[in-house]
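Open the structure in your viewer and keep the selection tool ready. We will go stop by stop, and each stop tells you what to select and what is there.

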Number of protein chains: 2
Amino acid sequence: MRFGHRKGRDTRITTHVGLVARAFGADEFILANTDAKGPLQTITDICSRWGGAEFKTGTVTNWKKAITDFQKNGGVVCHLTMYGMPLSDSLPKLQQHLGQKKNLLVFVGAEKVPSEIYDLVDFNVAVGNQPHSEVGALAVFLDRLLDGRPVEDTSRFSDAKLSIVPQEHGKKTLEKT
Amino acid sequence: MRFGHRKGRDTRITTHVGLVARAFGADEFILANTDAKGPLQTITDICSRWGGAEFKTGTVTNWKKAITDFQKNGGVVCHLTMYGMPLSDSLPKLQQHLGQKKNLLVFVGAEKVPSEIYDLVDFNVAVGNQPHSEVGALAVFLDRLLDGRPVEDTSRFSDAKLSIVPQEHGKKTLEKT
């Protein structure tokens with residue numbers, strides 16, 4: 001769940017957050033507290049060409065209810081923030097919770113998030129306590145949580161029209177006709 | 001080295017690339033093929049508040065010469081691209097090269113990069129062969145290359161005016177006076 005989005009200024013960042021979610025193993029990208037349609041359309045377009053039709057996108061207006069409902073249904077909510085606890089300390093605790101087959105919702109902000117989010121979530125996790133990027137934080141968080149598997153195993157994108165044949169030099173794509 | 005930057009549209013992405021470079025262990029951020037000043041100013045401001053005065057920023061206009069000069073001086077150049085070879089296969093080869101104390105330049109594009117870059121660089125590396133984000137790709141690449149150390153060991157930021165005391169819930173910063 002990406003919270004907030006300033007039109008124009010945030011368009012590409014929000015799109016990148018969604019594409020990172022898709023590439024690094026999330027099932028769904030939810031945009032909260034904005035009526036921006038552009039980023040979701042871009043992600044849907046990419047799914048239709050590059051596969052992963054099962055990847056869902058959506059919006060919520062009442063983000064607080066969405067989070068508490070998710071928790072009531074047994075899900076765990078983790079907020080990525082530079083003010084949180086270090087990633088390496090947090091991951092084992094989080095994995096212990098998730099071991100019981102609970103669902104995980106990862107919450108990332110735009111520049112400002114409501115202060116109540118820090119108390120509402122189950123974990124506040126810092127991918128480093130330095131300012132950098134919600135895109136980078138989400139990518140590294142998912143990469144470490146899932147042991148790098150989603151970028152290696154791309155079988156979930158096997159419905160793709162377009163796919164890449166990795167090259168040492170140059171570009172090669174295959175197109176399904 | 002970040003290649004290209006479309007004013008307005010790319011401002012925040014370029015800034016995020018630079019901040020990820022700083023947070024995940026690079027020594028320098030170079031902006032190529034643009035005269036945009038905003039992102040570099042933002043990064044310099046963050047260094048002055050959050051530490052790491054040794055982190056350098058700069059621009060180059062002749063990116064090709066910059067890359068070939070770097071290689072002539074014994075450096076290794078790695079281009080992050082979805083068309084490249086998988087990260088897990090590339091890392092051991094890259095690390096073998098770097099073991100001889102060579103410097104590394106990581107090249108990331110904006111949407112389009114000149115096709116000659118694929119032949120010019122030593123390695124084309126894919127952080128997954130799916131479209132996502134140069135910000136996410138750089139973060140995961142550096143995190144894996146450096147075994148996650150830079151986000152844990154923040155001693156290089158000890159000159160900071162502002163620092164964070166990690167909290168399970170809430171925000172706490174320390175300010176040096």
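**Stop 1: a loop in chain B**

Start with B:D147, which sits in the loop between helix 6 and helix 7 of chain B. Bear in mind that you are looking at a predicted model. Is B:D147 buried or exposed? It is exposed, because just 8 other C-beta atoms lie within 10 Å, and a residue with 12 or fewer counts as exposed. Now check its backbone. B:D147 has a positive phi of about 55°, yet it is not a glycine. Most residues other than glycine have a negative phi.

Jump to chain A and select A:D147. This residue lies in the loop between helix 6 and helix 7 (149-152) of chain A. Its phi is positive too, at about 55°, and A:D147 is not a glycine either. A:D147 is exposed, with 8 other C-beta atoms within 10 Å.

**Stop 2: helix 6 meets helix 6**

Select residues 134-145 in chain A, which form helix 6, and show helix 6 of chain B as well. Two packed helices are described by the angle between their axes and the distance between the axes. Here the angle is about 50°, and the axes are 8 Å apart. That makes helix 6 of chain A oblique to helix 6 of chain B. The crossing of helix 6 of chain A with helix 6 of chain B is right-handed.

Which residues make the contact? From helix 6 of chain A, pick A:V135, A:G136, A:A139, A:V140 and A:D143. From helix 6 of chain B, pick B:V135, B:G136, B:A139, B:V140 and B:D143. Colour this contact by class, and you get six nonpolar, two polar and two charged residues.

**Stop 3: into the core**

Next, select A:L138, A:F141, B:L138 and B:F141. The largest nonpolar core has 94 residues, and these four touch the most other members. In soluble globular proteins, nonpolar side chains tend to be buried together.

Zoom in on A:F141. What does A:F141 touch, leaving out residues up to four places away in sequence? The list is A:L80, A:L87, A:V106, A:V125 and A:V127.

**Stop 4: helix 1 meets helix 1**

Select residues 11-23 of chain A, which form helix 1, together with helix 1 of chain B. Their axes are 7 Å apart, and the helices pack at an angle of about 55°. So helix 1 of chain A is oblique to helix 1 of chain B. Show the side chains of A:R12, A:I13 and A:H16, which meet B:R12, B:I13 and B:H16. By class, this contact has two nonpolar, two polar and two charged residues.

**Stop 5: the whole contact**

Zoom out until both chains are in view. How many residues does each chain give to the contact? Chain A gives 44 residues, and chain B gives 44 residues. On the chain B side, several elements give two or more residues, including helix 2 (38-50), strand 4 (76-86) and helix 4 (87-98). Helix 1 of chain B gives the most to that side, with six residues. Coloured by class, the side of chain B that touches chain A has 22 nonpolar, 14 polar and eight charged residues.

**Stop 6: a last look at chain A**

Finish with A:K72, in helix 3 (residues 63-72) of chain A. A:K72 is exposed, with 8 other C-beta atoms within 10 Å. Draw a distance from its C-alpha atom to that of A:L31. The two atoms are separated by 20 Å, and the residues are 41 apart along the chain.

Conventions: Residues numbered from 1 in each chain as written. Chains lettered and ligands numbered in written order. Predicted model: local features only at pLDDT ≥ 70, side-chain atom pairs only at ≥ 80, totals over all residues. Contact = placed C-beta atoms within 7 Å. Helix = DSSP H or I, 4+ residues; strand = E, 2+ residues; numbered from the N terminus. Nonpolar A, V, L, I, M, F, W, Y, C, P; charged D, E, K, R; others polar. Axes fitted to C-alpha atoms, helices over the stretch in contact; angles between N-to-C directions. Parallel < 35°, antiparallel > 145°, perpendicular 65-115°, else oblique. Left-handed = near helix turned anticlockwise from the far one by under 90°. Core = buried A, V, L, I, M, F, W, Y, C linked by C-beta atoms within 7 Å. Buried ≥ 20, exposed ≤ 12 C-beta atoms within 10 Å, placed from the backbone.
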